[in-house]
Amino acid sequence: MKLLVDIGNTRIKWCLLRDGSSTDHAAARHKGQLSAPLLTDLWSCLPQPDAVVISSVLGDAISKEVDQWAQKHWGKQPCWAQAQAQQLGVSSAYAVAGTLGVDRWMALIGAHLCYGGNLVVADCGTAVTVDVITSEGQHLGGVIMPGIESMRAGLVENTFALGDVVEHETELLGRDTNSAVCSGTRYAAASLLDRIVLSMSSRLGPDVRCLLTGGDANEIQPLLITDFEQVPDLVLKGLAKITEGAE
């Protein structure tokens, strides 16, 4: 049994991989602070894994904290996934492969091996990332923009007297400033996804399949014109594939 972990900018997700099947999916918010007490709260009830495989977008300090916790409680040194030029039939478009976010790389591997075909892969969280991969496994590149909360935080920080933005459901056209900001940031993200799919459909053909993951996926999906399929655990699917490939 292996523990697969996806550490994003604000959330941590994990699952157990047993005989090729993932179980016990869970998630929590960490806001950049993955302390030993928090890890104990999250993982102390888990059975001891044979291995720990992690994708993380955070820095060395967090990696060290997780390393120390896993070694102390389970006697295991975690394996940290890294973006590569080529892996399991997927080829990166980046000239310097290691500079591609490992979460994006794991999502691409999971998407290609679990779904196949020409794919648009969108991850909507602290940042909105959109990557395109062909049926042959060639990554064509991607787009990054601030996520919904990041856009709103930028407005609050750089706009005089705006005040905090309180999230709530709204129509396209807001009737007060708060509603207008909520609508504008949501539709900005949704419009980007729709525009990329339109462009890629003309380039790759109408059979492009669209996958949506990330913490804000539920907020963005109802606004999309394009048919996106939600895959909440896409990064974990990629981790499962590289774990199986290493055996």
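In this predicted model, helix H4 (residues 148-158) and helix H5 (residues 177-204) have axes that come within 9 Å and cross at roughly 135°. An angle over 145 degrees would count as roughly antiparallel, and one of 65 to 115 as roughly perpendicular; H4 and H5 are therefore oblique to each other. Their crossing is right-handed. On the H4 side, the contact is made by Ile148, Met151, Arg152 and Leu155, while H5 contributes Val181, Cys182, Thr185, Arg186, Ala188 and Ala189. Sorted by class, this contact has seven nonpolar residues, one polar residue and two charged residues.

A second helix pair is formed by H1 (residues 36-43) and H2 (residues 60-74), which pack at an angle of about 50° with their axes 10 Å apart. H1 and H2 are therefore also oblique to each other, and H1 passes H2 in a right-handed crossing. Here Ala36, Leu39, Thr40 and Trp43 of H1 meet Glu65, Val66, Trp69, His73 and Trp74 of H2. The residues of this contact divide into six nonpolar, two polar and one charged.

The two pairs are set out below.

| Helix pair | Angle between axes | Distance between axes |
|---|---|---|
| H4 and H5 | roughly 135° | within 9 Å |
| H1 and H2 | about 50° | 10 Å |

The model also contains open and enclosed spaces. The largest pocket has a volume of about 540 Å³. Its lining is made up of 29 residues, and the closest to the pocket centre are Asn9, Thr10, Asp123, Gly125 and Thr126. Strand E1 (2-7), strand E2 (11-18), helix H3 (102-114), strand E9 (127-133) and H4 each supply at least two residues of this lining. By class, the pocket lining has eight nonpolar, twelve polar and nine charged residues.

The structure holds one cavity of 30 Å³ or more. The volume of the largest cavity is about 50 Å³. Around this cavity lie Asp103, Arg104, Ala107, Leu108, Val121, Ala122, Asp123, Thr129 and Asp131. H3, strand E8 (119-124) and E9 each give at least two residues to the cavity lining, and the largest share, four residues, comes from H3. The classes in this lining are four nonpolar, one polar and four charged.

Some parts of the structure appear in both descriptions. Asp123 is among the residues closest to the centre of the largest pocket, and Asp123 also lines the largest cavity. H3 and E9 each supply at least two residues to the lining of the pocket and at least two to the lining of the cavity.

Key. Residues numbered from 1 in each chain as written. Predicted model: local features only at pLDDT ≥ 70, side-chain atom pairs only at ≥ 80, totals over all residues. Heavy atoms only, no water. Axes fitted to C-alpha atoms, helices over the stretch in contact; angles between N-to-C directions. Parallel < 35°, antiparallel > 145°, perpendicular 65-115°, else oblique. Left-handed = near helix turned anticlockwise from the far one by under 90°. Contact = heavy atoms within 4.5 Å. Nonpolar A, V, L, I, M, F, W, Y, C, P; charged D, E, K, R; others polar. 1 Å grid on protein atoms, 1.4 Å probe; cavity = no way out; pocket = protein on both sides within 12 Å on 5 of 7 lines; lining within 4 Å. Points joined across faces, edges and corners; volume = space filled by probe spheres on them.
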